[in-house]
Amino acid sequence: MQQARSSFGFAKTLRLLNAAQYRKVFNENLVRAAHPNLLILARPSELEHPRLGLVIAKKHVRNASDRNQIKRITRETFRLQQHQLPPLDVVVLARPGLGDLDKAALAKTLNKLWRKLAKRAQQPQSKP
């Protein structure tokens with residue numbers, strides 16, 4: 001007997017895959033959510049679901065295992081919040097000090113930023 005698949009997966013269709021897709025978000029971001037250690041940029045997507053891209057630079061998080069852990073936690077929180085997010089292309093950028101947050105603090109911060117992003121996306125501000 002085959003088990004039903006969950007709609008909370010993180011398939012390839014939920015990711016930004018190439019430089020052109022990232023560039024579009026960087027150049028046309030209309031929605032932002034910021035924290036001293038993280039910046040989330042987003043633009044409306046022509047698709048029916050949100051997509052995620054990650055930029056966790058070695059400059060801000062030196063240790064590779066820390067970078068990987070940050071990416072795992074970010075993907076996990078996005079995966080769980082994806083149904084509350086409007087169709088956006090999202091890029092999460094690391095800022096200095098991100099590697100100093102523990103897992104629980106990082107997850108809590110990301111969940112707060114996802115909620116803030118969803119709220120701001122409902123009424124986008126004009127770009128400054």
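User: What does buried mean for the residues of α3 in this predicted model?

Analyst: Buried means under 20% relative accessible area. In α3 of this predicted model, the residues that meet this are L106, T109, L110, L113, W114, L117, A118 and A121.

User: What covers the buried residues of α3?

Analyst: The cover includes three strands listed early in the chain, β1 (31-35), β2 (38-44) and β3 (51-55). Helix α2 (64-81) and strand β4 (88-94) also belong to it.

User: How do you know what span to expect for α3?

Analyst: The expected span is 1.5 Å times one less than the number of residues. Helix α3, residues 103-122, has 20 residues, and the expected value is 28 Å. From first C-alpha to last, α3 reaches 29 Å, close to that value.

User: Why is N37 called buried?

Analyst: The cut-off is under 20%. N37 has a relative accessible area of 13%, so N37 is buried. This residue lies in the loop between β1 and β2. Beyond its neighbours within four places in sequence, N37 is in contact with L93, A94, R95, P96, G97, L98 and L101.

User: What makes the approach of N37 to P96 a polar contact?

Analyst: The limit for a pair of N or O atoms is 3.5 Å. The side chain of N37 reaches the backbone oxygen of P96 at 3.1 Å.

User: How do you know that β1 and β2 pair?

Analyst: Pairing needs at least two bridges, so the five bridges that join β1 to β2 satisfy it. The strands run antiparallel. They form a hairpin with two residues between them. Within the pair, A34 stands opposite L39 in β2.

User: Which residues touch the most other members of the largest nonpolar core?

Analyst: They are I40, L52, V90, V92, W114 and L117, out of 27 residues. β1, β2, β3, α2, β4 and α3 each supply at least two residues of this core. The largest share, seven residues, comes from α3. As for L52, its contacts beyond four places in sequence include F10, L14, F78, V90, V92 and W114. A second, separate core has seven residues, among them Y22, V25, L41 and V91.

User: Why are the buried residues of α1 placed on the same side of the helix?

Analyst: In α1, residues 19-28, the buried residues are Q21, Y22 and V25. They cover an arc of only 100° around the axis, so they sit on the same side of α1. These buried residues pack against β2, β3 and β4.

Notes. Residues are numbered from 1 along each chain as its sequence is written. This is a predicted model: local features need pLDDT of at least 70, side-chain atom pairs count only at pLDDT 80 or more; totals for chains, interfaces and linings use all residues. Side-chain values use heavy atoms; hydrogens and water are left out. Helices (H or I, at least four residues) and strands (E, at least two) are DSSP runs, numbered from the N terminus. Buried means under 20% relative accessible area, exposed over 50%, partly exposed in between (1.4 Å probe, protein chains only). Contact means heavy atoms within 4.5 Å. A polar contact is a pair of N or O atoms within 3.5 Å; within protein, one must be able to donate a hydrogen and the other to accept it, and residues adjacent in sequence count only if both atoms are side-chain atoms. A nonpolar core is a set of buried Ala, Val, Leu, Ile, Met, Phe, Trp, Tyr and Cys residues joined through side-chain atoms within 4.5 Å. The arc is that of the directions from the helix axis to the C-beta atoms.
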